[in-house]
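Hi,

Here is the structure I promised to pass on. Have a look at it first, and then read my notes below.

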Amino acid sequence: MFTYPEAPAGSEGSAEIGPPPYYHRSDCNICRHQDGLKTGSERLDAPLPGGHIVEGEHFLVEHAPLQSSSAGTVIVEARRHLLDFGEMTPTESAELGSLLHRLVTAVKAATGVERVYFLALMEHSPHFHLWLVPKKNEGELRGVEYLAQQPPLTASRDAAEAMSRKIRAELEPS
């Protein structure tokens, strides 16, 4: 359900790309996507529905790919190439905690759900990215079964763009 193309194995042939201080890797599709470079993935190379919802110092937030998410599903990506929480600096961890506190509240308000699931695997793209999936308050599916349902969750571009605007508005200080 939530997959990206396989990244090349190992770091042989990779080079640092992009502006400091992020020093992206040329063999990482998420790094390439953030730098506006083609990845070869139809999902990653498509324009973002609604643009970036948040552009923080250490993290970007965007709507998830339409083919594998419901409207309002967002992805938090580290700007710096890192694998997981263990590789974060204290400053990055603090920003992520604060961002998630605000973002979960905004996603709940914008989508009208009571629960937001978190999914972080980094299996196909070894670059920190955390999916926030609004759990619709309908049906019997819960947990992993909800995330893996067939047919998979999908969103239209219009619905994703509208939800991105609503989430961004919820995040803005009043």
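How many bridges join E3 to E4, and do the two strands run parallel or antiparallel? Three bridges join them, and the strands are antiparallel. A hairpin of three residues takes the chain from E3 to E4. One pairing you can look up on screen is His52, whose bridge partner in E4 is Glu62.

Before the rest, a word on confidence. This is a predicted model, with an average pLDDT of 86 over the chain, and 87% of the residues score at least 70. Residues 1-11 are another matter, since their pLDDT is below 50. That stretch does have 32 contacts in the model beyond near neighbours in sequence. Still, where pLDDT is low, the predicted coordinates should not be read in detail.

Now the overall layout. The chain has five helices and seven strands. Starting at the N terminus, the order of elements is β-β-α-α-β-β-β-α-β-β-α-α. Of the contacts between residues at least 6 apart in sequence, 57% join residues at least 24 apart. The chain has 174 residues, and 45% of them are buried. Its accessible surface is about 9,100 Å², with carbon and sulfur atoms accounting for 52% of that.

On to the inside. In soluble globular proteins, nonpolar side chains tend to be buried together. Here the largest nonpolar core holds 30 residues, and the ones touching the most other members are Val76, Leu103, Phe128, Leu132 and Ile167. At least two core residues come from each of strand E3 (52-55), strand E4 (59-63), strand E5 (74-78), helix H3 (90-111), strand E7 (129-135) and helix H5 (157-171). H3 gives the largest share, with eight residues. If you want one residue to click on, try Leu103: leaving aside residues up to four places away in sequence, Leu103 touches Val61, Val74, Val76, Leu132, Ile167 and Leu171. Another core, of nine residues, lies apart from the largest one, and its members include Ala64, Leu119, Trp131 and Val133.

You will probably want to know about the cysteines. Why is there no disulfide between Cys28 and Cys31? Their sulfurs are 3.6 Å apart, which is too far for a bond, given that a disulfide needs the two sulfur atoms within 2.5 Å. For each of the two, the other is the closest cysteine sulfur, and the disulfide count is zero. Both side chains are out of the way of solvent by the usual numbers: Cys28 is buried at 4% relative accessible area, and Cys31 is buried at 0%.

Last, the loop between E6 and E7. Met122 sits in this loop and has a positive phi of about 55°, although Met122 is not a glycine. For context, most residues other than glycine have a negative phi. Is Met122 buried or exposed? Met122 is buried, with a relative accessible area of 11%. Glu123 is in that loop too, between strand E6 (115-119) and E7, but counts as exposed at 62% relative accessibility. Glu123 is also 9.7 Å from Leu83, C-alpha to C-alpha, with their positions 40 residues apart in sequence.

Cheers

Definitions and conventions:
Residues are numbered from 1 along each chain as its sequence is written. This is a predicted model: local features need pLDDT of at least 70, side-chain atom pairs count only at pLDDT 80 or more; totals for chains, interfaces and linings use all residues. Side-chain values use heavy atoms; hydrogens and water are left out. Buried means under 20% relative accessible area, exposed over 50%, partly exposed in between (1.4 Å probe, protein chains only). pLDDT is the predictor's confidence in each residue, from 0 to 100. Contact means heavy atoms within 4.5 Å. Helices (H or I, at least four residues) and strands (E, at least two) are DSSP runs, numbered from the N terminus. Accessible areas come from the Shrake-Rupley method with a 1.4 Å probe; for residues, only the protein chains shown count as cover. A nonpolar core is a set of buried Ala, Val, Leu, Ile, Met, Phe, Trp, Tyr and Cys residues joined through side-chain atoms within 4.5 Å. Two strands pair if DSSP finds at least two bridges between them.
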